[in-house]
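This report goes through the fold of one protein chain, beginning with the strands and ending with single residues. Please keep the sequence and the model at hand while reading.

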Amino acid sequence: PKTDIVFLKVHKSASSTVMNILFRFGETHNLTFAFPRGGGFQLYYPYHFLARFVQGFSPRSPRRFNILCHHMRFLQPEVQKVVPSSAVYFSILRNPVQLMESSFVYYRGASAFSRVRSLEEFLRHPQRYYSPTSGDRHYARNLITFDFGFNPDGDVSPQRVQLMLKAIEASFDFVLISEYFDESMVLLKEMLCWDLDSVVSFPLNTRDSSTKSALPEAAVEKLKAWNRLDWEIYTHFNRTFWERIDRDIGRERMRREVKALRERQAELARTCLQGTGSVAPKDIKDSSLRPLQHGGARILGYNLKQGLDQELERTCRRLVTPELQYSSLLYKKQFPPPPP
């Protein structure tokens, strides 16, 4: 199994669920993580990543970390200073239409969104509310482009778009697609030579459907034009995702693998969870399993069954531990506080 990994965690793209998979794998195999200094949760995002943002990094010592997966704005020359040269690089993308709808609810306080009642209103006259100079502009335009390290207000000429796609392909070994999450996990398992249980997951950091809304067709077209760079990245990697599946796995085997993954997840859900799945934040009984609530979104969580044996309880708890709590736990394990 491959143990040196760089995961570019693109916002609002099922990336918290992927992060949970990496946390569990890293913990099980005693791997080291490139944590933000001081145990924060982002690597000084939205600044471009620098090696010195990582706890325990020193230019004088050759120390390398196994897994880099916290939110960052990608800058490969700096990333290469903190991970082994053998590291596998991957990311996950989401359709920019749903991505922006999610961002609008989640980052309601962002300067571009704070003065409008709806995403449609914003899309009618985005330039009226959006400022390319504001520090939080990326939440409102080409968020994928920004997270990959490029200019969200950049030129959308075919030549520039091609350069950007080639640069991403040169840096990343593969890119997953969140709309095909189970297929993505099968591909991840193949590329990293992991077993099935390593890529099993329950969806984390998901919103209650009551805060989701569909956009009319006219608004969707405006959104695609406004986020043109994101749209180009997404459509390109959605295509290459299926090309890779055809080349490396084949559709028939993919169907079998996805079926096996879903069966294992259903089995774990029956074993671990009270009820059938996620619950509203107010209904989460164990406060240590309650995810951070943000913006206008209601983030769902889980209740574990009572009376599980110790080993099983631990497995189940890891599957549903929200990102911030899990990150803190692993940070304390890797950098134990000095005894009093």
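## The sheet

F7 stands opposite F90 in strand 3. The model is predicted, with local features needing pLDDT of at least 70 and side-chain atom pairs counting only at pLDDT 80 or more, while totals for chains, interfaces and linings use all residues. Residues are numbered from 1 along each chain as its sequence is written, and side-chain values use heavy atoms, with hydrogens and water left out.

Strand 1 (residues 5-8) pairs with strand 3 in the parallel sense, over four bridges. Strands here are DSSP runs of E with at least two residues, helices are runs of H or I with at least four residues, and both are numbered from the N terminus. Two strands are taken to pair if DSSP finds at least two bridges between them. Strand 3 is also joined by four bridges to strand 4 (residues 174-177), and these two run parallel.

The bridge partners listed below link strand 3 to strand 4.

| Residue in strand 3 | Bridge partner in strand 4 |
|---|---|
| F90 | F174 |
| I92 | L176 |
| L93 | I177 |

In what order do the four strands of the open sheet lie? The order is 2-1-3-4, with parallel pairing. Strand 2 and strand 4 are the edge strands, each pairing on one side only.

## Cover of the strands

In a regular strand the side chains alternate between the two faces of the sheet. From strand 3, V88, F90 and I92 point one way and Y89, S91 and L93 the other way, and all are buried. Buried means under 20% relative accessible area, exposed means over 50%, and partly exposed is in between, with a 1.4 Å probe and protein chains only. Strand 3 (residues 88-93) is thus mostly covered, with six of its six residues buried.

Strand 4 is covered on both faces. F174 and L176 lie on one side, V175 and I177 on the other, and all are buried.

## The chain as a whole

The protein chain has 13 helices and four strands. Its radius of gyration is 20 Å, close to the 20 Å that the globule rule gives for 340 residues, so the chain is as compact as a globular protein of that length. The radius is taken over C-alpha atoms, and the globule rule is 2.2 Å times the number of residues to the power 0.38. Along the principal axes, the C-alpha atoms fill a box of roughly 55 × 55 × 50 Å.

Of the 340 residues in the protein chain, 55% are buried. Among contacts with a separation of 6 or more, 74% are between residues 24 or more positions apart; contact means heavy atoms within 4.5 Å. The protein chain exposes about 15,700 Å², and carbon and sulfur atoms supply 52% of this area. Accessible areas come from the Shrake-Rupley method with a 1.4 Å probe; for residues, only the protein chains shown count as cover.

The chain has 48 positive and 36 negative charges, and their mean positions are 5 Å apart. Lys and Arg count as positive and Asp and Glu as negative, while His and the chain ends are not counted. Each charge is placed at NZ of Lys, CZ of Arg, CG of Asp or CD of Glu.

## Single residues

Which peptide bond is cis? The bond from Y45 to P46 is cis, with omega near 10 degrees. P46 is found in the loop between helix 1 (15-28) and strand 2 (67-68).

A14 is not a glycine, yet has a positive phi of about 65 degrees. This residue sits in the loop between strand 1 and helix 1, and at 30% relative accessibility A14 counts as partly exposed.

N142, also not a glycine, has a positive phi of about 45 degrees. The loop that holds N142 runs between helix 5 (126-129) and helix 6 (143-147). Is N142 buried or exposed? N142 is buried, with a relative accessible area of 2%.

The C-alpha atom of N142 is separated by 9.7 Å from that of K224, 82 residues apart along the chain. K224 lies in helix 9 (residues 217-226) and is partly exposed, with a relative accessible area of 21%. Leaving aside neighbours within four places in sequence, K224 is in contact with V97 and W231.
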